[in-house]
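Hi everyone, thanks for coming. I'd like to walk you through one structure today, so let's put it up on the screen.

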Amino acid sequence: MNHNTPLSPRPLRHLSEVHCRVMTAARLRSHGVPAADTAEQCRPGGAWQQILPGVFLLHPGPPTSEERLHAVLMYAARETGPGVPGVPSQPGAGGGHRPVYAEAMITGLAALNLHGFASAPPLPSLDRIDVLVPRLRRLRSTGCARIVRTSALPAPQAAAGMPVAPVPRALADAVAGLLDAGVVRRLLTEAVRGGHCEPSAVVRALNQAKLLSRPHVVDAVDSLLAEGRAIAENRLYRMVREHGLPDPVWNVDLRLPGGPHLGGLDAYWPEQAVAVELDTRAPRQDEDALWSEYARKREHLERLGITVVHITPKKLRESLEQQAAIVRTALMAAADRDPAAYVVVLPR
């Protein structure tokens, strides 16, 4: 045999043993299976079936949930370049190969299920699986695949060996097709309560998807923000307790004597003139205005000699010890600063 001798086709029984037993027409051709043979295998009563355009299931029975997910990704994935047929694969655990999908990822309710959401419906109950692709891809929704387009494809996360949209994006795509206010509220609440993401990331994704004009979504977002603030406040209490910080006064308003209101604070140490403010803003249309308000309040307090430590819920979740060290440093530095202006501290 010389280098011009064509390779022999792999036997069809080999193809029935591949991971998930799902293949594209191009990938079948790369295994030496011509289109005519594929069509013959997919005739009524045949050993294979076409599950989506150009995607084939290499057994006659109903597809499993995993097979449907891989089929949708194979249908939507971009071919990786000239001369590379179908969906490529790379070595996986145990010496097998797992597919690599370019510019396609599972989103919506199926993605939330893969992220572990208890409130997401089981995969077998989904008639269609949402798949996120770039806006300019020439694809149409068909069969069990529903195409969702975006101008900016997010970096996918891995779940069950498949590319999955990040939780905020998957939530937005799921909520776009939901009319049940209770279901929307449960999904958004689980995103925060389950530690999947911060409320601000969810609201930002909903805003970008132009979903905040829907009353049942607005109601769910209000519940989400209340839930997120309660969780952040509990973490702030825990930070003070577990890291040995002196007890502050909690949830107070500051005023100048006989003067204007200076703003509310989540924690304040009067002797050291150190304050902590939780940033739980909802990034809606007026995000810039809200940030300007935060910045003005902080600058005003610092002109009065009050040190303001600005903490986000994400920082409290991911680096509690580091945030405690920042507050402790501010408290210790108080002795080296000029005395702060006298302010009146009132319960909020």
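So, which helices and strands each supply at least two residues of the lining of the largest pocket? Keep in mind as we go that this is a predicted model. Okay, here's the list: α5 (108–114), β7 (129–134), β8 (145–150), α6 (167–175) and α8. Out of those, α6 gives the most, with five residues.

How much space are we talking about? About 570 Å³ lies in that largest pocket. In total, 29 residues line the pocket. If you want to find the centre on your screen, look for V148, R169, A172, D173 and A209, which lie nearest to it. And what's the lining made of, by class? We've got 15 nonpolar residues, five polar and nine charged.

Now let's stay with α8 for a minute, as it also has a helix partner. Generally, you describe two packed helices by the angle between their axes and the distance between the axes. Here, α8 covers residues 199–208 and α9 covers 215–242, and their axes come within 10 Å and cross at roughly 160°. That makes α8 roughly antiparallel to α9. As for the hand, the α8 and α9 crossing is left-handed.

Which residues actually meet? On the α8 side it's P199, V202, V203 and L206, and on the α9 side it's V217, V221, L224, L225 and G228. By class, that contact has eight nonpolar residues, one polar and no charged ones.

So that's α8 for you: a supplier of at least two residues to the pocket lining, and a roughly antiparallel neighbour to α9. Okay, over to you.

Notes
Residues are numbered from 1 along each chain as its sequence is written. This is a predicted model: local features need pLDDT of at least 70, side-chain atom pairs count only at pLDDT 80 or more; totals for chains, interfaces and linings use all residues. Side-chain values use heavy atoms; hydrogens and water are left out. Axes are lines fitted to C-alpha atoms, for helices over the stretch in contact, and angles run from 0 to 180 degrees between N-to-C directions. Helices (H or I, at least four residues) and strands (E, at least two) are DSSP runs, numbered from the N terminus. Angles under 35 degrees count as roughly parallel, over 145 as roughly antiparallel, 65 to 115 as roughly perpendicular and the rest as oblique. A crossing is left-handed if the near helix is turned anticlockwise from the far one by less than a right angle, and right-handed if clockwise. Contact means heavy atoms within 4.5 Å. Ala, Val, Leu, Ile, Met, Phe, Trp, Tyr, Cys and Pro count as nonpolar, Asp, Glu, Lys and Arg as charged, and the others, Gly among them, as polar. On a 1 Å grid over the protein atoms alone, a cavity is a set of points where a 1.4 Å probe fits but cannot get out, and a pocket is an open set with protein on both sides within 12 Å along at least five of seven lines; lining residues have an atom within 4 Å of a point. Grid points are joined across faces, edges and corners, and a volume is the space filled by probe spheres set on the points.
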